[in-house]
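Visitor: Please take one part of this model and look at it closely. Then show me what surrounds it.

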Amino acid sequence: MKEISHYFPTLSTIQQEQFAALEMLYKEWNSKINVISRKDIDALYLHHILHSLGISKVVSFRSGSQIMDLGTGGGFPGIPLAILFPESHFHLVDSIGKKVRVATEIAHAIGLKNVTTAHTRAEEVKEQFDFVVSRAVMPLADLLKICQKLISPTQRNAIPNGLICLKGGNLQEEIKVVKRKCICTQLSEHFTEDFFQTKQVVYVPIVHT
């Protein structure tokens, strides 16, 4: 929790309480349904929560924004972002039912009113959103194929609607395949911990013509 307080010092009391509650909840649920690797659960705040919040270094979602978390797993990056942006709505989607259950129960336990969940494949989602966010669930080109129809043509944020995903490692080949504008933000420019040395946020605007 100290990492969250350090990098986000203006959190409200409610937000601080919600972030603080995540450790016990994820440890409890993870003992029943493995959504975070056993060796990684002790690094929950650094490797999962703060990593998810890296998306806020690319965009500060405006009130009323609609965001879909594709392949949310146990709720990342959707739940940390929903805490940080309580005036925006987050729809968490995953094809694995037991993972969706964890995300649903944790969102409910900390009183998140701006989260909905769905046990479905992203390809089957009919709604449209300002942004689709994701955490390294598949190659960028595959993500973009799915996202194209999910992005609303109505703009409400400071940057154009599109895909924002958390990625690691060398992305040159992955971006080359995409053949469209990709904006990469190095998280090491914002977070000093070694974990973030290879971590990036990739933003791909999706403009309807």
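Guide: The bend at a residue is the angle between axes fitted to the seven residues ending there and the seven starting there. Helix H2 (residues 13-30) bends by about 30 degrees at Leu-22. The model is predicted: local features need pLDDT of at least 70, side-chain atom pairs need 80 or more, and totals for chains, interfaces and linings use all residues. Numbering starts at 1 along each chain as its sequence is written, and side-chain values use heavy atoms, without hydrogens or water.

H2 has 18 residues. From first C-alpha to last, H2 reaches 26 Å, close to the 26 Å expected at 1.5 Å a residue (1.5 Å times one less than the residue count). Helices here are DSSP runs of H or I, at least four residues; strands are runs of E, at least two; both are numbered from the N terminus.

Which residues of H2 are buried (under 20% relative accessible area, 1.4 Å probe, protein chains only)? They are Gln-15, Gln-18, Phe-19, Leu-22, Leu-25, Tyr-26, Trp-29 and Asn-30. Their cover includes helices H1 (2-7), H3 (44-53), H4 and H5.

Now the packing. A nonpolar core is a set of buried Ala, Val, Leu, Ile, Met, Phe, Trp, Tyr and Cys residues joined through side-chain atoms within 4.5 Å. The largest one has 50 residues. Leu-22 and Tyr-26 are among those that touch the most other members, along with Ile-49, Phe-61, Ile-79 and Phe-90. H3 gives the most to this core, with 6 residues. Ile-49 is in contact (heavy atoms within 4.5 Å) with Ile-4, Phe-19, Leu-22, Leu-44, Phe-76 and Pro-80, leaving out residues up to four places away in sequence. Apart from this core lies another, of 23 residues, including Leu-70 and Ala-118.

Two of the covering helices, H4 and H5, lead to the strands. Strand E1 (residues 66-70) runs parallel to E2, joined by 5 bridges (pairing takes at least two by DSSP). Leu-70 stands opposite Val-93 in E2. The chain goes from E1 through H4 (residues 78-84) to E2 in a right-handed β-α-β crossover (clockwise from first strand over the helix to the second, with strands pointing away from the viewer). E2, H5 (residues 97-109) and E3 make a right-handed β-α-β unit. E2 and E3 (residues 115-119) pair in parallel over 5 bridges, with His-91 opposite Thr-116. Since 5 of the 6 residues of E2 (residues 89-94) are buried, E2 is largely enclosed by the rest of the structure.
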